[in-house]
Structure formats: structure tokens, C-alpha cells
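Open your viewer and let us take a walk together. At each stop I will tell you what to select and what is there.

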Amino acid sequence: MKPLEALQSALAGEHAAVYVYGVIGGRVSLSSESALSSQVRTAYTLHRGRRDQLIAMVRAVDEEPVASEVSYQLPNQASTPGQLTAAALELELRCMAVYADLVGSTSWANRQWAIDALNDAAVRELGFGGSPEAFPGIAEL
Amino acid sequence: MALADEQSTLDAIEATAARHRELAGILSPVIAAHSEHVRLLAEAVPAASDTASDTGASASPSPSASSPTEQGVRRYRVPREPQAALSLLSENEQDLSTSTKRHAFVAKSGPFARLLASMAASAAQHAVLLDRPLPTKQAGR
């Protein structure tokens, strides 16, 4: 994959993550699910920041950043706390795959960014009930 | 070297598992993951370029009785308390994650960088996992 292509698909992934975390955040009960609620809020803020960084990274090579879709399909019905947690987990897993590809397609600062993003998502995933894997972000292994 | 770092982390975990049998449930998947890492790295790194060994298939006539401890691998002291033993392993994993990220950053090949970044993320997951407090009255789970 070309560096630009990898950056754009990471950005597309972040657009989806920001959208879905926004929906999840609106559905998590602040009172009865306060731990989940704060995890989701943290993740939302973080992914929004990542999205903005990726937009800047694409602009830095004089290209037009991919735009967000109008809406995205949620990974599941996302109504019970269990489903909301599973949806968040699914998002992190998808982001991890995109970040790993970005590591392999870039170098220097962009690669470092992707290495750190992958690492962070791998740890965040555990907070949403994910299990450790031997090769996070690499589906074929 | 990424391979040597992985190997010494694996040695430490195995030494801990041998000393604290009750931690098998926690440590077995971690051992499995690192064994996979070591196997893949040993395949990826051409035999000559690593300091760890000259893995010649030639019969070097030294049927050493002391198996894994000789080749520059420092003897690992396993803490007596299970919780302390896990905490030390957690620190090891954090260090491994940091050094592997560095290897990923400088890797010449994109696919190898991707692989290393994934291994670094795996180590980061282990660091979190091993840092969790043991259930009081450890039932071994």
C-alpha cells in the first residue's frame, strides 16, 4: 500500500470511529454505567484527536483528506451495556488493523504515529473486554 | 536485537511459571504468544546477523548440561511472592514493548516493521494484564 493510501484509509477508519463513539456515548447511562461512560468519553476524545492529526498528515503531502460519510452502520444494535461495550471493542479492533497497515506503509514520523496508535488501541481494547493476542492488528497471523 | 529481547522475556516468564505453578492460568497464554514471536523472528532474522547464537546445524561437540542459561542469558531471579513475580514480569513486558517499538521504527522493510509494531503492542497488552492484582485466595483460574 502507498503511504497516502494507508493514511487515507486510517482517516476513513477514524471518521467511522468518531461517529460510532458519538452514538455509543449518547446511549451509555452516565449514572448506572459510569465506568463505561468515562471510558467511552475518553476514547471519543482520543479518536477525534487522531482524526484531526490524520487530516493534517494528509494535507502535509498536499492531498485532499477523505471526507466523513453521512452516517455509519453500528457494529450491533448498541443498546444494552454489553452491546455498547462490544461495539467499542469492535471499533478498536478495526482501528488496530488499519494502524498496523499504516506502520508497514510509512516511515519516520508517520510510522511512529502509527506504532503508538496501534499500541494504545491494543491496550484500550482490554478495557472493553478484549483479550490479549499474539499479533494485535494482524489478522493473517 | 528484537529476537534476543523476546527470548529473554520468554525465559523470565518460563522461570516464573516453573517457580509459581499456581500462576499457570495467567502465564500460559503469555508464554504461547512469546513463543510465537520468537519463532517468527527466528525465521525472519537471517541466522548470521543476530548476536544470540550461530545456529549452525553443525554438530558442535558440547553436549551442555546447563540448557538455556549459558548463552549470555543472565540468570533471572523470580520473586518469591506471586504478586511481586507478576509485577516484575509486567515491567519486563513494558521494557520489551518500548524496545520493540524502537526496532519497528527503524526497520527497513515495511512488513517487518508492521510485524514488530504488532509484537510491541502484544507486549504492552501483557504488561497491563500482568499488572492486575491477583484475586485474593488465588484459585488459580
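## Stop 1: the whole of chain A

Select chain A and look at its overall size. A compact globule of 141 residues would have a radius of gyration near 14 Å, and chain A comes out at 15 Å, which agrees. Before going on, please keep in mind that this is a predicted model.

Now turn the chain around slowly. Its C-alpha trace spans about 45 × 35 × 20 Å along the principal axes. Switch to a cartoon view: how many helices and strands does chain A have? You should find four helices and zero strands. Starting at the N terminus, the elements run α-α-α-α.

Next, try showing the surface of chain A. About 6600 Å² is exposed, and carbon and sulfur atoms supply 53% of that area. Of the 141 residues in this chain, 44% are buried. Contacts tell you about the fold too: among those in chain A with a separation of 6 or more, 73% are between residues 24 or more positions apart.

If you like colouring by charge, do it here. Chain A has 10 positive and 16 negative charges, and the mean positions of these two groups are 6 Å apart.

## Stop 2: helix H2 of chain A

Select residues 34-60 of chain A, which form helix H2. Here is a nice check to do with a distance tool. At 1.5 Å a residue, the 27 residues of this helix should span 39 Å, and its end C-alpha atoms are indeed 39 Å apart, so the two values agree.

Which residues of H2(A) are buried? Show side chains and look for Leu36(A), Ser37(A), Val40(A), Ala43(A), His47(A), Arg50(A), Leu54(A), Ile55(A), Met57(A) and Val58(A). To see what covers these buried residues, bring in other parts of chain A, including helix H1 (3-27), helix H3 (81-105) and helix H4 (108-127).

Stay on this helix and pick Tyr44(A), which lies in H2 of chain A. Its relative accessible area is 26%; partly exposed runs from 20% to 50%, so Tyr44(A) counts as partly exposed. Leaving aside residues up to four places away in sequence, Tyr44(A) touches Val18(A), Tyr21(A) and Gly22(A). For another distance, choose the C-alpha atoms of Tyr44(A) and Ala122(A): they are 78 residues apart along the chain and separated by 16 Å.

## Stop 3: two positive phi angles in chain A

Move just past the end of H2(A) and select Asp62(A), where phi takes a positive value of about 60°. Asp62(A) has this positive phi although it is not a glycine. You will find Asp62(A) in the loop between H2 and H3 of chain A. Is this residue buried or exposed? Its relative accessibility is 70%, so Asp62(A) counts as exposed.

Then jump to Trp108(A), in helix H4 of chain A. Trp108(A) is another residue other than glycine with a positive phi, this one near 50°. With a relative accessible area of 63%, Trp108(A) is exposed.

## Stop 4: over to chain B

Select chain B and return to the cartoon view. Chain B has four helices and zero strands, and along the sequence it follows the pattern α-α-α-α. Of its 141 residues, 40% count as buried. Its exposed area is about 8100 Å², with carbon and sulfur atoms supplying 56%. For contacts in chain B with a separation of 6 or more, residues 24 or more positions apart account for 76%.

Zoom in on Pro82(B), in helix H3 of chain B. Its relative accessible area is 12%, so Pro82(B) is buried. Draw a line from the C-alpha atom of Pro82(B) to that of Leu41(B), 41 residues away along the chain, and you should read 30 Å.

## Last stop: where Lys101(B) touches chain A

Continue along helix H3 of chain B (residues 82-106) until you reach Lys101(B). Buried or exposed, what would you guess for this lysine? Lys101(B) has 17% relative accessibility, so it counts as buried.

Show both chains again to see what is around this residue. Not counting residues up to four places away in sequence, Lys101(B) touches Ile115(A), Asp116(A) and Asn119(A), along with Ala120(B).

Methods
Residues are numbered from 1 along each chain as its sequence is written. Chains are lettered from A and ligands numbered from 1 in the order in which they are written. This is a predicted model: local features need pLDDT of at least 70, side-chain atom pairs count only at pLDDT 80 or more; totals for chains, interfaces and linings use all residues. Side-chain values use heavy atoms; hydrogens and water are left out. Buried means under 20% relative accessible area, exposed over 50%, partly exposed in between (1.4 Å probe, protein chains only). Contact means heavy atoms within 4.5 Å. The expected span of a helix is 1.5 Å times one less than its number of residues. The radius of gyration is taken over C-alpha atoms; the globule rule is 2.2 Å times the number of residues to the power 0.38. Accessible areas come from the Shrake-Rupley method with a 1.4 Å probe; for residues, only the protein chains shown count as cover. Lys and Arg count as positive and Asp and Glu as negative; His and the chain ends are not counted. The place of a charge is taken as NZ of Lys, CZ of Arg, CG of Asp or CD of Glu.
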